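User: Could you walk me through this protein model? I'm new to this, so please spell out the terms as we go.

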Amino acid sequence: MFKLLKKEVSLSMHPTVPIMMCLVFMVLIPNYPYLLICFYTILATFFTCLVGRENNDIIYTMMLPIAKADVVKGRIIFTVCQQMLQMILLVPFIFLSAYLNPIGNQVGTDANIALIGIAFLTYGISNLVFYTVYYKNVGKVGFAFLCTSTVVTIIIIVDIIMSHAWPLYRDVIDCPGTQNITYQLIVLVIGVIGYMILTVMTYKRSVGLFIKQDL
């Protein structure tokens, strides 16, 4: 699996992947929907799959001495590593944002630990949508991204509404920095567990769909 992951990084990864990962600095922007960071990373995943289609990456990978399920596993593990690394990079910028913008974010969740949990959930849902559509027909990458971007847009809108309309969320969880850290950690744990469950679902469903394809 390490060799397959190495192949993803050295041959399949689109140049925008590391660029999008570095957009964690956007939490320093005052009054900005920070979940858009997730959208840009999902966009990089789309570019990777799109270029892979044009370069016959799937056909090349299937010519290797591996099972069809491993083709899916390699891509999903690569995506998970990318997303987890980005969340690690996000941590110092969260604390810096709380220092620079002490009044918090007026457009969605503040830069705090809860934001990471919500980002994990967003990634889990987007992975499930994108890869289950993509591996149903690897030629229709654009349709997979359209479905995913629609879902992520809805998540961002819900996040903005919750930060203003739901008192528990607005007054307890949506706080800058480490205010009400216990509640933020609860959201983080829920987000990580949800991400893990959704990732397993994504893999199993994607493998089933990809095996049915006659390539």
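User: Is Cys147 buried, partly exposed or exposed?

Analyst: Quick background: this is a predicted model, where local features need pLDDT of at least 70, side-chain atom pairs count only at pLDDT 80 or more, and totals for chains, interfaces and linings use all residues. Residues are numbered from 1 along each chain as its sequence is written, and side-chain values use heavy atoms, with hydrogens and water left out. Buried means under 20% relative accessible area, exposed means over 50%, and partly exposed is in between (1.4 Å probe, protein chains only). Cys147 has a relative accessible area of 22%, so the label is partly exposed.

User: How many disulfides does a search of the whole structure find?

Analyst: A disulfide is a covalent bond between the sulfur atoms of two cysteines. Here the test is a pair of cysteine sulfur atoms within 2.5 Å. Searching the whole structure for such pairs gives a count of 0.

User: Why is Cys38 not in a bond, and which cysteine has the closest sulfur?

Analyst: Cys38 is tucked away, since its 2% relative accessibility counts as buried. Its sulfur is too far for a bond, because 15 Å separates it from the closest cysteine sulfur, which belongs to Cys22.

User: And which cysteine sulfur is nearest to that of Cys147?

Analyst: Cys147 is in no disulfide either. The gap to the nearest cysteine sulfur is 14 Å, and that sulfur sits in Cys49.

User: How many salt bridges are there?

Analyst: Side chains of opposite charge can pair when their charged atoms come close. To count as a salt bridge, a side-chain nitrogen of Lys or Arg must be within 4 Å of a carboxyl oxygen of Asp or Glu. One of them joins Arg53 and Glu54, with the closest N and O atoms 2.7 Å apart. By this rule, the count is 7.

User: Glu8 and Arg75 meet in a salt bridge, so how many residues apart in sequence are the parts that this pair ties together?

Analyst: The N to O distance between Glu8 and Arg75 is 2.6 Å, and both residues are buried. Helices are DSSP runs of H or I with at least four residues, numbered from the N terminus. Glu8 lies in helix H1 (residues 2–12) and Arg75 in helix H5 (residues 68–100), so the parts tied together are apart in sequence by 67 residues.

User: Which residues are linked in a network of salt bridges with Glu8?

Analyst: Glu8 also meets Lys7 in a salt bridge, at 3.3 Å from N to O. Lys7 is buried, with a relative accessible area of 6%. Linked with Glu8 in the network are Lys7, Asp57 and Arg75.

User: Which helix gives the largest share of the nonpolar patch?

Analyst: Patch residues have over 30% relative accessible area and no salt bridge; nonpolar side chains (Val, Leu, Ile, Met, Phe, Trp, Tyr) are joined within 5 Å and like charges within 9 Å. Leu121, Tyr183, Ile186 and Ile190 make up this surface patch, with about 360 Å² of accessible area together (Shrake-Rupley method, 1.4 Å probe, only the protein chains shown counting as cover). Leu121 is in helix H6 (residues 113–134). The largest share, 3 residues, comes from helix H9 (residues 181–212).

User: Which residues gather in the patch of positive charge?

Analyst: Lys and Arg count as positive and Asp and Glu as negative, while His and the chain ends are not counted. A charge is placed at NZ of Lys, CZ of Arg, CG of Asp or CD of Glu. One member, Lys212, is in helix H9 and is exposed at 68% relative accessible area. The surface patch consists of Lys136, Lys140, Arg205 and Lys212.

Conventions:
Helix = DSSP H or I, 4+ residues; strand = E, 2+ residues; numbered from the N terminus.
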